[in-house]
Amino acid sequence: MKTYSTKQIIQIALPILVSALMEQLVGMTDAAFLGRVGEVELGASALGGILYIALFMLAMGFATGSQILMGRRNGEGNYAAIGSIFYHGIGFLLMLSLLMIGGTFLWGEALMDMMINSEAVAEAATSYLNWRIVGYPAAVVCAMFRAFYVATTNTRTLTYNSIIMVGGNIALNYALIFGHFGLPRMGIAGAALASSLASVISMLFFIAYTLKQTDYRKFGLNILPRPRFGTLKRVLGVGIWTMIQNFLALATWFIFFLGVEHLGESELASSNVLRNISGFFFMSMAALGATASTLSSNLLGQKEKDSVMPLMWRIVRLCYMVMVPFCLLVAFYPEPVIQVFTTDAALIDMSIAPLRMLIFSYLFGIPAQILLHVVSGTGNTRTALCAEVVTLIAYALYLIIVVFGFRSNLTICWASEVLYSVGLLLYCWCYLRWGNWSGRQI
């Protein structure tokens, strides 16, 4: 039975983690700067940003499916086939990006006006979304590059890329939001444009790095393949379920923020602060989950199915070791963390109890996310979608009751994260314990 040591897991996971945390700084930078502009802008960037992320997660779902396939081929030693999967993925996602841009400009404003009570928030959220969506094509190309580097376990590249992207985003935010260096003062639109330009910078780095530092011929990246429906069908057979899963997860998150917006602009601004803080913890789980997914896929490609479960539990333990100290630190000293995003004393006070509820949810969220990624890594992405759908139905019902029915306080609203994590954990554990997952051919 083949095993990956903790050191090997960390060597693969750490660059993914650093990259994910650095990329989280893109949204956090927007929030930190806009928190100095106004409460409306801070809340609107949450709604516009989440809707953009929901659309982008469609692309990320397809890229994740491509990553699973490329990881399986990497485990099999069939390196030349990786390039074909990579280019078919980019072609599909660029076509998807045209649909996303067109749909946003046609219907985005009407959607915001229909769903958001505050006219000022709706107008600001529309402005943010319109400027953010123009960076979608560059972002989806970056998603495929990340999938390639994770699948081939060459994850150090992601760290370099994220440092450059975040550095560019911070500088552009400062210049475009407040109008420095001779540029116009764009406010919330400047934050969105800065993030879009940061995606372009990221894409250019990936292209240059791959040409200069990667053995791209080994992986067939020097050959632009003819479009083959069979290859695209295989990628879609894995990726379509992850696309739907990711979109539903973020769409439900969007519903949460819509509900909070109905409670008031202060509650919305507070929740945006919590969303950005939660991003650090979620990205840590996602990075170790991505490692579990790609290593599981590689192991199955090497016919080492008995090694998958021990690997999974080792990564769960490692995730607890990484996250628990930080969770405790934030739970006991929440004010300094919240003050990164706002200096409003009332907003800080409002955010403390919900933040502690969010921290508590990670007790169940850590194993839930790792197990979900392992289910996807085995190629059983339809099952992963089922797990997400069942859990999200319960999550949405809870939100409808406590937000729209009882208009509960933020702490009760954020308890939905506990419900979500427990449901997802139970579903995935039952499937991996008793389901037939090891024989999936992709």
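These are my notebook entries on helices, cores and single residues in a predicted model.

**Ground rules**

I number residues from 1 along each chain as its sequence is written, and my side-chain values use heavy atoms, with hydrogens and water left out. Since I'm working on a predicted model, local features need pLDDT of at least 70 and side-chain atom pairs count only at pLDDT 80 or more, while totals for chains, interfaces and linings use all residues.

**Entry 1: helix 5 and helix 6**

I started with helix 5 (residues 136-151) and helix 6 (residues 156-178). Helices here are DSSP runs (H or I, at least four residues), numbered from the N terminus. How do these two pack? I found an angle of about 150 degrees, with axes 10 Å apart. The axes are lines fitted to C-alpha atoms over the stretch in contact, and angles run from 0 to 180 degrees between N-to-C directions. That angle makes helix 5 roughly antiparallel to helix 6. For the label, angles over 145 degrees count as roughly antiparallel, under 35 as roughly parallel, 65 to 115 as roughly perpendicular, and the rest as oblique.

Then I looked up who meets whom. Arg146, Tyr149 and Val150 come from helix 5, and they meet Thr157, Leu158, Asn161 and Met165 of helix 6. Contact means heavy atoms within 4.5 Å. By class I got 4 nonpolar, 2 polar and 1 charged. The classes go like this: Ala, Val, Leu, Ile, Met, Phe, Trp, Tyr, Cys and Pro are nonpolar, Asp, Glu, Lys and Arg are charged, and the others, Gly among them, are polar.

I also checked the loop between these helices, where threonine 153 sits. Threonine 153 isn't a glycine, yet its phi is positive, about 60 degrees. Is threonine 153 buried, partly exposed or exposed? With a relative accessible area of 31%, threonine 153 is partly exposed. The cut-offs are under 20% for buried, over 50% for exposed, and partly exposed in between (1.4 Å probe, protein chains only).

**Entry 2: serine 202**

Next I went to helix 7 (residues 188-213), which holds serine 202. Serine 202 has 0% relative accessibility, so I put it down as buried. Which residues does serine 202 touch, not counting those up to four places away in sequence? I listed Cys142, Arg146, Asn161 and Met165. Arg146 was on my helix 5 list, with Asn161 and Met165 on the helix 6 side.

**Entry 3: helix 8 and helix 9**

Helix 8 (residues 229-263) and helix 9 (residues 265-301) pack at about 145 degrees, and their axes are 7 Å apart. On the helix 8 side I noted Trp253, Phe256, Phe257, Val260, Glu261 and Leu263; on the helix 9 side, Glu267, Leu268, Ser271, Asn272 and Arg275. This contact has 6 nonpolar, 2 polar and 3 charged residues.

Methionine 243 is in helix 8 too. At 6% relative accessibility, methionine 243 counts as buried. Leaving aside neighbours within four places in sequence, methionine 243 is in contact with Met57, Leu58, Gly61, Phe62, Phe92 and Leu96.

Past helix 9, I stopped at lysine 303, in the loop before helix 10 (308-332). Lysine 303 has a positive phi of about 65 degrees, although it is not a glycine. I marked lysine 303 as exposed, at 67% relative accessibility.

**Entry 4: the cores**

How many residues are in the largest nonpolar core? I read 127, and those with the most contacts inside are Leu47, Met70, Tyr136 and Phe256. A nonpolar core is a set of buried Ala, Val, Leu, Ile, Met, Phe, Trp, Tyr and Cys residues joined through side-chain atoms within 4.5 Å. Helix 2 (residues 39-76) gives the most to this core, with 15 residues. Another core lies apart from it and has 6 residues, including Ala124, Tyr128, Ile177 and Ala191.

I followed up on phenylalanine 256: beyond four places in sequence, its contacts are Ser271, Tyr395, Leu399, Cys413, Trp414 and Ser416.

**Entry 5: helix 13**

Tyr395 and Leu399 are among the buried residues of helix 13, so I turned to that helix. Helix 13 (residues 381-405) has 25 residues, which should span 36 Å at 1.5 Å a residue; I found the end C-alpha atoms 34 Å apart, which agrees. The expected span is 1.5 Å times one less than the number of residues. After helix 13 comes arginine 407, with a positive phi near 50 degrees.

**Entry 6: helix 3**

Last, I looked at helix 3 (residues 80-115), home of serine 84. Serine 84 is buried, at 18% relative accessible area. Alanine 81 is in helix 3 as well, but counts as partly exposed at 21%.

Key:
Helices (H or I, at least four residues) and strands (E, at least two) are DSSP runs, numbered from the N terminus.
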